[in-house]
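The following exercises ask the reader to examine selected sites in a structure. Each task is followed by a worked solution.

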Amino acid sequence: MDTNQSPDSDPPTETVSTDGGLPVEATESTESTLQRWRRSELVKSLPFWLPATLLVGLFVYGAIGWNFIISLTDWQGLRRVTYNPAEFDLDNYFEFFGKVAEGGLLGGPQEYWAFRNTFVLLILFTVVALIVGLLLALLVDQKIRFENSFRTVFLLPMSLSFVVTAVFWAWMYNPSSGMINEGLRLVGLGAITQNWISDPQFKLFAVIFALIWQFSGYCMVVYLAGLRAIPTDQYEAAKVDGANTLKMYWRVIIPQLRASTTSAAVVLMVFALKAFDFLFVMFGTQPGRSADILALMMYREAFAGTANWAYASAIATILFVMALGVISPYLYRQYKRGAL
Amino acid sequence: MSDKHSQFSRRTVLKTSGVAAAVGLAGCTGGDGGDGGGSGTENEVEVVHWWTAGGESDAIQALIEGFESEYSDLSVNNNEAPGGAGSALSTEIQDRVLQDNAPSTFQIWPGGSLQTYTESDVLADISDSVWDSEMEDAYKEGVRDLSQDDNGNYVAVPLNIHRLNNLFYNVDVLDSAGVDPSTLSSPADLLSAMETIDAETDAAPMAQSTQSAWTVLQLWEDVLVGEAGVETYEAVLESGVEENEDAVRSALQTVVDYREYFNADAGSVAWDEANNDVINGEAAFMHQGDWAAGQYESSEGFDFEDSWDHVPFPGTEGVYHIVTDSFVKPEPNPSPDATDAWLSYVGSVDGQERFNPIKGSIPARTDVPDDAFGPFLSRQREDFDNSNAQPATIAHGTGVSPQVKSNFEEAFASFAGEWNVDRTYSDLTDAF
């Protein structure tokens, strides 16, 4: 070890001379190819990116690819899956979308409800969380006192595990002793108390409401960073030009928050697609059609005893494509802007 | 030259360590799936089960101690897979079976639940090695049937039996309402008794959890048995709901009628929280498996017969609606002989006598002495011995395949909340 290490600590001047090229020309040509190869940037950088690339390639992209291949088979139960390319087909996808298409406004198979609820969750949750986050950010940005404390308070829910928040939201939604109904009764609104998480009309919205509570703090932080990046001259210029506060925000400030909105929305939407934990803790694997989502359905098909591996893989692939659909426009824009 | 060499070696070191790290990481990750398994010897029985809560955990511990003292050369690797009713266990076991790394034995509901495993031929036939004629004689027919695969080979050994068709009640609440539970002889009688309780007392007539599907599903099952009889119920398990449409719809309607009398927070509490209402005197009746009795027995000053009592669910006298746990022998097995020894012990008088009083269930064998069982379980055992039918259940996996069970749960998850008989009936027609 010592003999190996001692040349490393040699003065750098000699190293420079070897890299200078002259000594290489002096050696024979076969050796020089090998040495050139060894000295190329690619080879030099290999140890830094190759392990990570291999690991990510195998465990992330490899797993996604494998999952897709499984979705083409008929794998079910505890037999070994057989990968016979001649038998690969898209039956699972046809079955899934066939069932989704059977659904109408009022009824349909579970697939239809899970698909529909996933979209409702995706859109409602993202839009409302963004709006709430923006309002919070605008308020916190008013040079108020205790700004840091408020920021922490609003961001805190985000740091809690969904298991924790789902359990205490379930308590708060308890129709007879929960905080929400008790609060409503306290202010004389006893008439609008509901069985929030058991009445199918409200179930999904109760979940969305809780998720908005948990994520709007995150949106606030993203927006706050966006607001802070807007130069103060623009506020002043707008005021000088006679814009009132509302107009100033509507015309000058909010349009400049587009980048913040996009990045927050992408994070929220991807989260919404895999919003599994919260529902699983609240309702188990069977939330009923009013609150079923694709992520839960996928889990149920694969792991809740039925072992429909191929069908669950198809649902997983559909979720993956949906997430890609959300992210890729964002990535493309970043790429066009040269930010990638 | 020495300089170049040094650069080489440095790079080589970097490369080698990079590759080593990659291989090492891959190795770790790959090895994860085999967590807790595959390391045992022929003399170690790896037992995977979901009994991790207080009394349950003590009960399995007592069983393991008994086994280890009877077979001193064998040891048990007690591998718990927490998660109510095996929700995590089945995931783990299926994963391990697919990787050819099955444990020696694992806990499973016998009957329909076995289907996933028997269809794929991963359970060993233990007709000769474990089920001797002495053991066969000690089990009732309904329980023996559940232990066999479709070809009539024994693949499972039931350890304990819980009863599902119970109606527990708070004695004081019923007294103050003037209701005598022994006079209730049909689900309709129960409905009118609940009307009386609702009018006479402040208590909720029935404590129930509608938060998860299984509690509503099992209530419907017993209403169906109570209204239409065991034959109809078993016909539904066998061939689906269509041939018995009227009975199925009527039972659904009865549950909808009952619903008026549930505790107000039924939709957001678990069954054990609802059960506390019975203990506190805030609810009169509770339909639940007899595991609910453990909660009464552990509440101070709440005594059997004085404070709480039990009748079979109205209309189901003579029926012992069984929920049972068993152990099986997956193939290929890491410790074949030791596993046979474990299964024989699970099916023995000694094992079941140690396990069941602590678990709060009755032994699957009928010849276990009564001494260790308290008054409630002794009464249940008497009912079991005198029962003329021991049907399987949907909600607890014995009566139908996992796929059908999942479809039923899906239907009842929506039923609990919508309370729509027509829609649920049509969901149920698609369940088989």
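**Exercise 1.** Determine which side chain is joined to that of Arg289(A) by a polar contact of 2.9 Å, and establish whether Arg289(A) is buried or exposed.

*Solution.* The structure is a predicted model. Step one: the partner in the polar contact of 2.9 Å is the side chain of Asp427(B). Step two: in chain A, Arg289(A) is placed in the loop between α15 (277-283) and α16. Step three: the relative accessible area of Arg289(A) is 4%. Since buried means under 20%, Arg289(A) is buried. Step four: leaving aside residues up to four places away in sequence, Arg289(A) touches Gln110(A), Trp113(A) and Asn117(A), and from chain B Ser414(B), Glu418(B), Arg423(B) and Asp427(B).

**Exercise 2.** Locate Asn79(B) and identify the side chain with which it forms a polar contact of 2.8 Å.

*Solution.* Step one: Asn79(B) belongs to strand β2 (residues 75-80) of chain B. Step two: with a relative accessible area of 15%, Asn79(B) is buried. Step three: the side chain of Glu46(B) is the partner in the contact of 2.8 Å.

**Exercise 3.** Describe the lining of the second largest pocket.

*Solution.* Step one: this pocket has a volume of about 1,000 Å³. Two or more lining residues are given by each of α5 (41-72), α16 (294-303) and α17 (309-336) of chain A, as well as by α1 (2-32) and α3 (87-98) of chain B. Step two: the lining consists of 25 residues, and those nearest the centre of the pocket are Trp66(A), Ile70(A), Trp75(A), Phe303(A) and Asp95(B). Step three: α5(A) supplies the largest share, seven residues. Step four: by type, the lining contains 16 nonpolar, seven polar and two charged residues.

**Exercise 4.** State which residues of helix α10 of chain B are buried, and what covers them.

*Solution.* Step one: in α10(B), residues 230-239, the buried residues are Val230(B), Thr232(B), Tyr233(B), Val236(B) and Leu237(B). Step two: their cover includes α9 (213-228) and α11 (245-259) of chain B. Step three: after α10(B) comes Gly240(B), with a positive phi near 95 degrees.

**Exercise 5.** Identify the residues that touch the most other members of the largest nonpolar core.

*Solution.* Step one: this core has 81 residues, and the residues sought are Phe106(B), Tyr117(B), Val157(B), Tyr296(B), Phe327(B) and Trp342(B). Step two: helix α14 (residues 336-346) of chain B provides the largest share, six residues. Step three: a second, separate core has 72 residues, among them Phe96(A), Trp196(A), Tyr235(A) and Leu294(A).

Terms used: Residues are numbered from 1 along each chain as its sequence is written. Chains are lettered from A and ligands numbered from 1 in the order in which they are written. This is a predicted model: local features need pLDDT of at least 70, side-chain atom pairs count only at pLDDT 80 or more; totals for chains, interfaces and linings use all residues. Side-chain values use heavy atoms; hydrogens and water are left out. On a 1 Å grid over the protein atoms alone, a cavity is a set of points where a 1.4 Å probe fits but cannot get out, and a pocket is an open set with protein on both sides within 12 Å along at least five of seven lines; lining residues have an atom within 4 Å of a point. Grid points are joined across faces, edges and corners, and a volume is the space filled by probe spheres set on the points. Helices (H or I, at least four residues) and strands (E, at least two) are DSSP runs, numbered from the N terminus. Ala, Val, Leu, Ile, Met, Phe, Trp, Tyr, Cys and Pro count as nonpolar, Asp, Glu, Lys and Arg as charged, and the others, Gly among them, as polar. Buried means under 20% relative accessible area, exposed over 50%, partly exposed in between (1.4 Å probe, protein chains only). A polar contact is a pair of N or O atoms within 3.5 Å; within protein, one must be able to donate a hydrogen and the other to accept it, and residues adjacent in sequence count only if both atoms are side-chain atoms. Contact means heavy atoms within 4.5 Å. A nonpolar core is a set of buried Ala, Val, Leu, Ile, Met, Phe, Trp, Tyr and Cys residues joined through side-chain atoms within 4.5 Å.
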